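Subject: The structure for you to look through

Hi,

Here is the structure I promised to hand over. Have a look at it first, then read on for what turned up.

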Amino acid sequence: MQRGQNLQLAYDLAFYDKGASFTGIRNKMDARWRPGKNDFYSRFETVNGEQSISESASNNQYLRWQQGYNRRFELNDGKSRIEAGGNWLRERSAINGLNLTDSLLGNSFWYDQYEINTRFADSSGWDAAIDMNSRQDYLPQNGDFSPSTLARTLSIQTAKRGNGGGNFRINATYRSLEITDSSEKEETIQGRLDWDSWWFKRL
């Protein structure tokens, strides 16, 4: 690992040998750069191996790749703070049967996920957060990956911390799920309100 004032780099190499059940190699890399109030990061991992169960053998090519960015802002002479950022994540596991002509086995998967988030807090006790998420899933079909579902989520939270006299919180969430090869679409909205307070001082 290499460390600097604002830079971190790491690399890990591992070999697996579990006899006939699984043999493979893993590569893992991490990088982070923090210039000022910015935060850039990237994580990359691959696993390539072969496994045998009973009389069937398969090759698994696994990939996990994430990249993101965050930024901090301070307002009102540091009394208020905002953090905003986003990230992209891909996770893919392609499992191929070594004794089959088909490219992919049914337990293979792949998804791409995008996230955007914002956080706010100030010295008066107010907190707020907004999170947006989109995820596209793929499943094996005819020997290759095909789009399966598309899910989106929007979440909003806000809270007020009382000065020794209780707390107030609101949570609202919207979700949608689309089936790629049909016109089906599910939508849900959930909300929650919490308030707690102390009416009498502790004796």
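Before anything else, one cut-off you will need: a residue is called buried when its relative accessible area is under 20%, exposed when it is over 50%, and partly exposed in between. Keep in mind as well that this is a predicted model.

**How far to trust it**

The mean pLDDT of the protein is 85, with 84% of the residues at 70 or more. Going element by element, strand β7 (residues 109-122) has the highest mean, 94. The lowest, 53, belongs to strand β1 (residues 2-3). As a rule, coordinates in a low-pLDDT part of a prediction should not be read in detail.

**Salt bridges**

How many salt bridges does the structure hold? There are 13. The general idea is simple: side chains of opposite charge can pair when their charged atoms come close. Here are three to find on your screen.

Start with R81 and E83, whose closest N and O atoms are 3.6 Å apart. R81 has a relative accessible area of 40%, and that value falls between 20% and 50%, so R81 counts as partly exposed. Its partner E83 is also partly exposed, at 34%.

Next comes R119 with D131, where the closest N and O atoms are 3.0 Å apart. This pair links distant parts of the chain, since R119 sits in strand β7 and D131 in strand β8, 12 residues apart. Try the cut-offs yourself on these two: R119 has 36% relative accessibility and is partly exposed, while D131, at 21%, is partly exposed too.

The third is R152 with E178, at 3.1 Å between the closest N and O atoms. R152 is in strand β9 and E178 in strand β10 (residues 167-179), so this salt bridge ties together parts that lie 26 residues apart in sequence. R152 is partly exposed at 38%, and E178 is partly exposed at 25%. Which residues are joined with R152 and E178 into one network? The others are K185 and E187, connected through salt bridges that share partners.

**Aromatic pairs**

Now for the rings. A pair of aromatic rings is described by the distance of the centres and the angle of the planes. Searching the whole structure gives six aromatic pairs.

One of them is W65 with W88, an edge-to-face pair with 5.1 Å from centre to centre and 80 degrees between the planes. W65 belongs to strand β5 (residues 56-75) and W88 to strand β6, so the two rings tie together parts that are 23 residues apart in sequence. Are these two buried or partly exposed? W65, at 30% relative accessibility, is partly exposed, whereas W88, at 16%, is buried.

Then there is W110 with F145. The ring centres are 5.5 Å apart and the planes stand at 80 degrees, so this pair is edge-to-face. W110 lies in strand β7 and F145 in strand β9, so parts 35 residues apart in sequence are tied together here. Both W110 and F145 are buried.

You can also look for W33, F40 and Y69, which form one aromatic cluster.

**R92 and its surroundings**

While you have W110 and F145 on screen, turn to R92. You will find R92 in strand β6 (residues 80-97), partly exposed with a relative accessible area of 27%. Which residues does R92 touch, leaving aside neighbours within four places in sequence? The contacts are Q61, Y62, L63, F109, W110 and F145, so both rings of that buried pair appear among them. Another thing to check is S108: it comes 16 residues away from R92 along the chain, and the two C-alpha atoms are separated by 7.9 Å.

**A nonpolar patch**

Last stop, the surface. I116, I130, M132, L154 and I156 make up a nonpolar patch there, with about 410 Å² of accessible area together. The elements giving two or more residues to this patch are β8 (126-141) and β9 (144-161). To pick out one member, I156 lies in strand β9 and is partly exposed, with a relative accessible area of 40%.

Have fun turning it around!

Technical notes:
Residues numbered from 1 in each chain as written. Heavy atoms only, no water. Helix = DSSP H or I, 4+ residues; strand = E, 2+ residues; numbered from the N terminus. Buried < 20%, exposed > 50% of the residue type's maximum accessible area, 1.4 Å probe, protein only. Contact = heavy atoms within 4.5 Å. Patch = residues over 30% accessible without salt bridge, like charges linked within 9 Å, V, L, I, M, F, W, Y side chains within 5 Å. Areas by Shrake-Rupley, 256 points an atom, 1.4 Å probe, with all protein chains shown as cover. Salt bridge = Lys/Arg side-chain N within 4 Å of Asp/Glu carboxyl O. pLDDT = per-residue confidence, 0-100. Phe/Tyr/Trp six-rings, centres within 6.5 Å; stacked < 30°, edge-to-face > 60°.
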